[in-house]
Amino acid sequence: MAIPQSFIQELLSRVDVVEVVGKYVQLKKGGANFMGLCPFHGEKSPSFSVSPTKQFFHCFGCGKNGNAIGFLMEHAGMTFIEAVKDLAQQTGMVVPEEQQSPEDRARAAAAKAKQDSLSDVLEKAGQAYREQLKITPHAIDYLKGRGLSGQIAKRFGLGYAPEGWRSLASIFPKYDDPLLAESGLVIVNEEDDKRYDRFRDRIMFPIRNIKGECIGFGGRVIGSGTPKYLNSPETPVFHKGRELYGLYEAREALHSAGYVLVTEGYMDVVALAQLGFANAVATLGTACTPDHVQKLFRFTDAVVFSFDGDSAGRRAARKALDGALPYATDVRSIKFLFLPAEHDPDSYVREFGQDAFAEQIKQAMPLSRFLIEAASADCDLQSAEGRARLSSQARPLWQLLPEGALKQQLLSELAQLIQLETAGLEKLWGQQAATDQRFAPAARSAAAPAPAAAHAAFSQAASTGHDEYPHFEPHYGEPPAWSGNTGFTQSSGSNWKSKNPNWTPNWKGGNSRFKRDQPPPYTGPRTIPASRADHAARLLLGNMALWETLAGEDHAMLCALPEPHGTLFAWLESQFHEHGALGWSALQSEMQGQAFADDAKRWMAQDNLGTVAGQEDATPPEPQEARQELRRLLNMMLIDRLKQLETEALAQASSGQDPDAQQRWRSLHERRKELMAASAITSAQ
């Protein structure tokens, strides 16, 4: 079996060689590397070095060296395939099983050549931007106004993209070269095939990978234009969910400072480096992911997340907490720094000085305290109901923690707040976890580390079967029948309110009961919803606040949908992270130029989701009916996914390729029956 080289590279970028080797060798930090006694030959003083930055091990005594795969082959006696599968299981990746034909090898080689070509194109553009900055007075004045020196601009490779629509044409004679579009430097209008520069009149921040190669750009507008920051799109060399701005430049400072400071923007990183905090990095316009956290812990054992004190900063911190929990071992430090709402790190240091900011970092909130604060949100701890809600909200957070003293101490603290004995709470959560696991598609390996859950695909994330809402499937796609036939069956004791297809989250009339005694005014032909994904998009676009009520697996499922839905949901998540809940009018304005913009407008028009006159930009409320309907809709999408996984498991069982396929099918089938039964019961009420 041949495994594509691209998969091997992706796998090695996700695993941490220090973590892999550390399971077999006792390692201690020694400068930038970790040292231990070599497992390949007898020695009394350590000469075995593991580099977290190079992801490489080397013994100065016997000369053994290699990466994580090589270590497992040498030390654990695994074959190459066994080592790859072992590491893939830890990261939640699926090893390609097909034999690689000569054509496949040729395609892989072509993909590698394209990646190299894209890097060359980006490097050439970066050099051109740097040269342009030197001859553009108003760009230089802007950077000086932000307190940046020429030295710091040179260190980070800052540049300037001119105002012209096709300025890069003077740098790249073949402006129609497909590589310019694939690299994200040029936008191609699909209707008339016209091309123009993506970045215009912006300060350019080159984004470098850990090798120092330019893989993308962030552009900051000069003045009051929008968007304030414009990032390169996802490309074969740039994945914003795994890269951190400034990490390459901060490598040495991380060792001397002893911690990494994670901020929200490019300018924060550059300005802090100017002001004496060169150990700062930033996420690239997205929430902090488990991949980000894993990468940071390759360089340091202490992470401080620094966010603005406003609501957007709190939301960003909450996302970072989810990503950090699986890595919060007893020997690592994770803190959250919340500055006053009127300050970002740059402005705080300039007003109060380096010492004051350093003191703020020392006083940052520990992860344990922030976990309790997040779990206690909206909980009245003076009532039994509020304490029960705390238990429900704390369990998924607590279970993400790796085993250790921190996890046990937090269990004790949470038990006191919930007013249960520690043993009783642990037993309760264990029972609830067993219920969830009972319906899991496949049992998780006991040896798999906690971080594997953070990287699992939706087929693994689908294992969560518990839902606080009953299941119900509306008849999406069926025409409304107004002559007494509503399409719903409702018993006298049902609490379900019949759903009017003209319902809108902003509607405030009466007592919120929907009636079908009279047909609505005729407003012209109505397009029938085509899919559940369409309806989920309408609900979230019409009431963006619903996004915060969804679990991480819901986000993963929605963002993994085929285009245009998956792209829309990924964009919606980034907008929510940056701006909070926006009204439909504001979202329309923000999505101009996006490939899914027309689809989004069509989906919204299909359901006649309007806004109240004069309140177009107001953030809509979060109606309970909409939240429940979205929950039920996502559960039905999960049923569809489970059915698909059943079919795949049956095929694998029939072929004899996977001895566990039959058991996996049974687990999938049982869980799907449970969900369908709950949906049928609720719809009959």
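**Strand S12 and residue Ser13**

I'll start with strand S12, residues 260-263: Val260 and Val262 point one way, Leu261 and Thr263 point the other, and all are buried. Buried here is under 20% relative accessible area, exposed is over 50%, and partly exposed lies in between, with a 1.4 Å probe and protein chains only. In a regular strand, side chains alternate between the two faces of the sheet.

This is a predicted model, in which local features need pLDDT of at least 70, side-chain atom pairs count only at pLDDT 80 or more, and totals for chains, interfaces and linings use all residues. Residues are numbered from 1 along each chain as its sequence is written, and side-chain values use heavy atoms, with hydrogens and water left out. Strands (E, at least two residues) and helices (H or I, at least four) are DSSP runs numbered from the N terminus.

Now the neighbours. S12 runs parallel to strand S14, residues 302-307, with 3 bridges joining them; pairing takes at least two DSSP bridges. Val260 is opposite Val303 in S14. S12 is also parallel to S13, residues 280-282, again through 3 bridges, and Val262 has Val281 of S13 as its bridge partner. From S12 the chain passes through helix H10, residues 266-274, to S13, in a right-handed β-α-β crossover. Right-handed means that, with the strands pointing away from the viewer, the path from the first strand over the helix to the second runs clockwise.

Next, Ser13. It sits in helix H1, residues 5-14. Is Ser13 buried or exposed? Neither: Ser13 is partly exposed, because its relative accessible area is 34%. Its C-alpha atom is 8.6 Å from that of Gln55, 42 residues apart along the chain.
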